[in-house]
Amino acid sequence: MKTVVVGSGAREHALAEALARTSDVIAAPGNPGIAAIAETTELEPEKLDADLFVIGPEAPLVDGLADRLRAQGKAVFGPGIAGARLEGSKAWMKEVVAEAGIPTAAFASHSEPADAKAYLRTLAAPWVIKTDGLAAGKGVLVTDDLAAADRDIDDKLSGASFGDAGRVVVIEEGMAGPELSVLAVCDGSRYVLLPAAQDFKRKFDDDEGPNTGGMGAYSPVPGIDLAELEIGERFVAPALAALLAQGIDYRGVLYVGLMLTAGGPRLVEFNVRFGDPECQ
């Protein structure tokens, strides 16, 4: 069997190492570390032939790579452009979550600074301000400082921070508790949960810095029982059902980012690929 792993990061290195146990792996484009364990190529994935294509990063998924490969008759692990919108647009993701009745933070999406700041003042601190589009894990500000929140809204909506990815912001109430990452392997209607991981996103010791794409993670997580928390039933199944209702056949990994609040698990975000530190 031949498998193409699309991507060039540590996540793709981990995927290539695991897949190489049972498959001949080609990484496109890969990196020097991957080259030590598998073949690498600068060719575009659409120009390669393999039994399976595994797409690692979010950007090519949001750009529709899975759809283009499937149109060529290829077997692909990764959602099409419609499903990848869960990560490509946080505002749309929150709408899907609300319609599906999935527990999450109170939120509103805004494109005008005055409206965004007015909504911000209806919530108690801390405030969470997110770019709508892709920002490599760096588009989230969590703050107790109202002036800093206002500046962040201005910077994002003006395009100064993240260009067009920030022209809409999602403002959420802050949630308290440890985070939990759960990865679900999905075939459109069914899913299998992988062991939970705990990811640490904020830079510097004692969570004093800004959010990053992930500073590290560990798995398994002591004391966590996914069945007891009903993660599949409360988060994954409703999401897949909501997507199917819109005609979206979601195939690949659904990353469920959770906050374990005093009132139970609540959704922080859905991503459409393996988390980088979790995958490692």
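How many bridges join β6 to strand β9 (residues 169-173)? Four of them do, and the two strands run antiparallel. One such pair is Ala108 with its bridge partner Ile171 in β9.

Before we go on, a word on the model. This is a predicted model, in which local features need pLDDT of at least 70, side-chain atom pairs count only at pLDDT 80 or more, and totals for chains, interfaces and linings use all residues. Residues are numbered from 1 along each chain as its sequence is written, and side-chain values use heavy atoms, with hydrogens and water left out.

Helices (H or I, at least four residues) and strands (E, at least two) are DSSP runs, numbered from the N terminus. Two strands pair if DSSP finds at least two bridges between them.

**The sheets**

Strands β6 and β9 belong to an open sheet of four strands, ordered β6-β9-β7-β8 with antiparallel pairing. At its edges stand β6 (107-110) and β8 (140-143), each with a single partner strand, so one side of each is left without a neighbour in the sheet. Neighbouring strands here are turned by 20 degrees against each other on average, direction ignored.

A second open sheet of four strands has the order β11-β10-β14-β15, and its pairing is antiparallel. Here β11 (191-193) and β15 (264-271) are the edge strands with a single partner each, so one side of each is left without a neighbour in the sheet. The twist averages 30 degrees from one strand to the next. Helix α10 (residues 231-245) packs on this sheet, touching β10, β11, β14 and β15, and its direction makes about 145 degrees with that of β11. Contact means heavy atoms within 4.5 Å, while angles run from 0 to 180 degrees between N-to-C directions, with axes fitted to C-alpha atoms (for helices over the stretch in contact).

Here are three further strand pairs, each with a pair of facing residues.

| Strands | Bridges and direction | Facing residues |
|---|---|---|
| β1 (residues 2-7) and β4 (residues 52-55) | four, parallel | Val6 and Ile55 |
| β4 and β5 (residues 76-77) | two, parallel | Val54 and Phe77 |
| β10 (residues 179-187) and β14 (residues 251-261) | nine, antiparallel | Glu179 and Met259 |

**A helix pair**

Helix α5 (residues 81-88) packs against helix α6 (residues 90-100) at an angle of about 100 degrees, and their axes are 6 Å apart. The two are therefore roughly perpendicular to each other, a label for angles of 65 to 115 degrees (under 35 counts as roughly parallel, over 145 as roughly antiparallel, and the rest as oblique). In this contact, Ala82, Arg85, Leu86 and Gly88 of α5 meet Lys90, Trp92, Met93 and Val96 of α6.

**Loops with special backbone**

Two cis peptide bonds are worth finding in the viewer. One joins Ala125 and Pro126, with omega about 0 degrees; Pro126 sits in the loop between α7 (113-120) and β7 (127-131). Another joins Ser219 and Pro220, again with omega about 0 degrees, and Pro220 lies in the loop between β13 (211-218) and α9 (226-229).

Phe204 has a positive phi of about 75 degrees although it is not a glycine. Phe204 is found in the loop between β12 and β13.
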